[in-house]
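Dear colleague,

I am passing on the structure below, with some notes on what turned up when I went through it. Please read them with the model open beside you.

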Amino acid sequence: MSIAVAEASPFAVAHDDLSSLGYHPVPLIAATATHHRGAGKAPGRYQSGGWSGLTNWQGLRTIPLSGFPLQLAMKMPGSNVGICMGTPAGHAAD
């Protein structure tokens, strides 16, 4: 009897390397997600067997995912990887 092991998502594979370079990775809706116009390019989360848009993802520019939310993101099947860059409109860069 063999046990199926889920393949690591692009987000899970790239997260640690991008974080070590100072970037703030954000999970994107899987490119294979059906019936979702943001597939492969919009910040998202996988919950209850389906994808939805990730709200308030702009906050990840200054505070990266960590703890339990990061653990969940690492397990999202097929999640693509994005990077939060820039500063919010109207704010000066540090």
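I begin with Lys-41, which sits in the loop between S1 and S2; please bear in mind throughout that this is a predicted model. Lys-41 has a relative accessibility of 62%, and because exposed means over 50%, this residue counts as exposed. Leaving aside residues up to four places away in sequence, Lys-41 touches Leu-28 and Ile-29. Lys-41 and Gly-82 are 41 residues apart in sequence, yet their C-alpha atoms are 7.7 Å apart in space.

Gly-82 also appears among the contacts of Val-26, which, again not counting residues up to four places away in sequence, touches Phe-11, Pro-43, Leu-54, Trp-57, Leu-60, Asn-80, Val-81, Gly-82, Ile-83 and Cys-84. Val-26 belongs to the largest nonpolar core, a set of 13 residues in which those with the most contacts inside the core are Phe-11, Val-26, Trp-51, Leu-60, Leu-65 and Ala-73. The elements that give two or more residues to this core are strand S1 (24-28) and H2. As general background, nonpolar side chains in soluble globular proteins tend to be buried together.

Turning to open space, the largest pocket has a volume of about 230 Å³. Its lining is made up of 13 residues, and those that lie nearest the centre of the pocket are Arg-45, Pro-69, Leu-72, Ala-73 and Met-76. Strand S2 (44-47) and helix H2 (67-74) are the elements that give two or more residues to this lining, and S2 gives the most, with four residues. By residue class, the lining of the largest pocket divides into nine nonpolar, two polar and two charged residues. Ala-73 is thus named both among the residues with the most contacts inside the largest nonpolar core and among those nearest the centre of the largest pocket.

For the protein as a whole, there are two helices and four strands, which follow the pattern α-β-β-β-α-β when read along the sequence. Of the 94 residues in the protein, 29% are buried, while the exposed area comes to about 6600 Å², of which carbon and sulfur atoms supply 57%. Among contacts between residues at least 6 apart in sequence, 58% join residues at least 24 apart.

With best wishes

Note on methods: Residues are numbered from 1 along each chain as its sequence is written. This is a predicted model: local features need pLDDT of at least 70, side-chain atom pairs count only at pLDDT 80 or more; totals for chains, interfaces and linings use all residues. Side-chain values use heavy atoms; hydrogens and water are left out. On a 1 Å grid over the protein atoms alone, a cavity is a set of points where a 1.4 Å probe fits but cannot get out, and a pocket is an open set with protein on both sides within 12 Å along at least five of seven lines; lining residues have an atom within 4 Å of a point. Grid points are joined across faces, edges and corners, and a volume is the space filled by probe spheres set on the points. Ala, Val, Leu, Ile, Met, Phe, Trp, Tyr, Cys and Pro count as nonpolar, Asp, Glu, Lys and Arg as charged, and the others, Gly among them, as polar. A nonpolar core is a set of buried Ala, Val, Leu, Ile, Met, Phe, Trp, Tyr and Cys residues joined through side-chain atoms within 4.5 Å. Buried means under 20% relative accessible area, exposed over 50%, partly exposed in between (1.4 Å probe, protein chains only). Contact means heavy atoms within 4.5 Å. Accessible areas come from the Shrake-Rupley method with a 1.4 Å probe; for residues, only the protein chains shown count as cover.
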